[in-house]
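I opened the notebook to look up a few places in one protein chain. The entries follow in the order of my looking.

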Amino acid sequence: MPRIKFARKFRKSEDGTVAVLWGMALVVFLALSAFTYDIGRLGITQSELQSFADSVALASAGELDGRPDAITRATGAAAALIQDRQSFGAGSHTLSGTADYTLTFHSALPASDLTPMGADITTDPSDAFFAQVVAAPRSVSLGLTGAVSVLLGNGSGGVAPLVGAEAVAGFTQEACDITPLMFCLPNASYTADANIGTMIRLRSGGQGAAWGPGDFGFLDPSEADLGSTCAGLNGVQLIACLVGAEDNVTQCYQSRGVDTEPGQKVGIEDAIFNIRFDIYRGIMNGKRNNAAYAPAPNVISGVVPRGGGACMGPNPDPSPDTIGMPRDGCFAAGTCTRYGNGNWNYGSYIDRNYGNNNGVFDAGEDSALTAYAGLTDPKYAGTRYETYLREIMHGDNPTAGGNILTGRAETGRPRCSSNMSIRPERRVVIAAGIDCTANPVAGRTTDVPVEEFFEMFLTEPVGSDAGSPPTLDLWVEIIGSAGTSGYSAAGAGGIFRDVVQLYR
């Protein structure tokens, strides 16, 4: 009887219920804590791998400048420059080298981020625009979750999951605040730094006809951001500002692809360029006292205003006792047509402008033209631009009285405009060099890749012929690669920047 009463009492008793509930809750709590901890380990591992993949992609893409060794440099940069750590994945805690990633190069990105990469893989350095990095997957042991699983009788705790990461980065170069010009190179391997001092006869390209080496045209400014000087302008006035204004133009062009603008701008090109020589005619006639369109600090050209006036009319006279910068001798000899060889008659220029004009370059006739302080590299010695800079320095010397030339029909300083730029690079234009054989240009052409931006010195006023339509000739001397070498270190103008960014 007592046993029956005890059994009934035990069955009805609720003592110890809380302990059972706490026991069950503890198991759930331990399982959740283990799961949360291990999920955190997975997340940390994925973040570390993603950071590593991003860094490798950016380091690699930063070398994709289209040059023949671009892929070699990009591969080396990825392997040598980037080292990272991972905390919980299997294997070494150090991430570095090709064992921890695969690297491929692409010429384009799919239109949608949901489309897998692979259709545009390339091994051609000139077409490698993007670097894709896939980090080697790491397994992450779910230690606590596995232990709880074993306690609950679910076997060994499951398989450790794999964690990976992928990144895609691209590279381009931007040139801002430059002259919106392009010209056709003689071949794809023609570079600025290898041809410093060489003269080019740039001629306006015909609309609709295929352009060849030495033809030039304008870049389309319609998508460019404009600075305060050119803001609000359009049509001919916008072109006049972009080409002729000195500061705060601020349009930018990417080397991976520029758009050329159709038409020759007949009747305005020479006027726009020639304000640099203190010549204000046509569309630029009203801008001679506008500081934004100031002439260069050296305007020696070998021509003078007719009738002794201060401003050049439409038919200036040849100077009786000065000459402008001579062209390469091969042009007069007929052995070159568009691209010269850099051989010009320095002695004739000095004898005429600074000496006794006896046709012989006598010793000491250039003694007043000391070395230009901003240029120390000997490879620039003897160029026309160096001589131009030395002349400016001579005129800036107080003993010269502000003039460059003495006792000549030209003083070398502006007389028509009430302003004068203090920047020697006022007679420098920066133009996009295009391989027109590989990328044919005829008027309006879009997404044309730029081989290199060239800095070029205008050696003489721009002239046009009497054809219909007239053709325009720019006589220029190469002074270096814009933004990287040449005279850019001395401030030849333009803003150049490498743009490396992640796309995926």
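Is Val 500 buried, partly exposed or exposed? I looked it up in the model, which is a predicted one. Val 500 has a relative accessible area of 33%. That value lies between the cut-offs of 20% and 50%, so I wrote down Val 500 as partly exposed. I found Val 500 in strand S18, which covers residues 495–502. On the surface, Val 500 forms a nonpolar patch with Leu 58 and Leu 502. Together these three residues have about 190 Å² of accessible area.

Next entry: helix H5. I took residues 235–244 and noted how many of the ten are buried. The count is seven, so H5 is largely enclosed by the rest of the structure. I listed the buried ones as Leu 238, Ile 239, Ala 240, Cys 241, Leu 242, Val 243 and Gly 244. What do the buried residues of H5 pack against? I found strand S8 (215–218) and helix H6 (269–274) there.

Next entry: Glu 410. I located Glu 410 in the loop between helix H9 (384–396) and strand S13 (428–434). Glu 410 is buried, and I found no salt bridge for it. Where is the nearest side chain of opposite charge? It belongs to Arg 415 and is 6.9 Å away, whereas a salt bridge has to be within 4 Å. I then looked for polar partners of the Glu 410 side chain. One is the side chain of Thr 322, joined to that of Glu 410 by a polar contact of 2.6 Å. Another polar atom of the Glu 410 side chain lies 3.0 Å from the backbone nitrogen of Ser 301. Correction to my wording: I noted a polar atom of that side chain at 3.0 Å from the nitrogen, and I did not check whether it is a separate atom. Leaving out residues up to four places away in sequence, Glu 410 touches a run of residues from Val 299 through Ile 300, Ser 301, Gly 302 and Val 303 to Val 304. It also touches Ser 319, Thr 322 and Leu 405.

Last entry: backbone angles. I looked up two residues with positive phi that are not glycine. Phi of Asp 278 is near 70°, and that of Asn 357 is about 55°. Asp 278 is in the loop between H6 and strand S11 (303–304). Asn 357 is in the loop between helix H8 (346–353) and H9. Is each of them buried or partly exposed? Asp 278 has a relative accessible area of 6%, so I entered Asp 278 as buried. For Asn 357 the value is 38%, so I entered Asn 357 as partly exposed.

Technical notes
Residues numbered from 1 in each chain as written. Predicted model: local features only at pLDDT ≥ 70, side-chain atom pairs only at ≥ 80, totals over all residues. Heavy atoms only, no water. Helix = DSSP H or I, 4+ residues; strand = E, 2+ residues; numbered from the N terminus. Buried < 20%, exposed > 50% of the residue type's maximum accessible area, 1.4 Å probe, protein only. Lys, Arg positive; Asp, Glu negative; His and termini not counted. Polar contact = N/O pair within 3.5 Å; in protein donor to acceptor, adjacent residues only side chain to side chain. Contact = heavy atoms within 4.5 Å. Patch = residues over 30% accessible without salt bridge, like charges linked within 9 Å, V, L, I, M, F, W, Y side chains within 5 Å. Areas by Shrake-Rupley, 256 points an atom, 1.4 Å probe, with all protein chains shown as cover.
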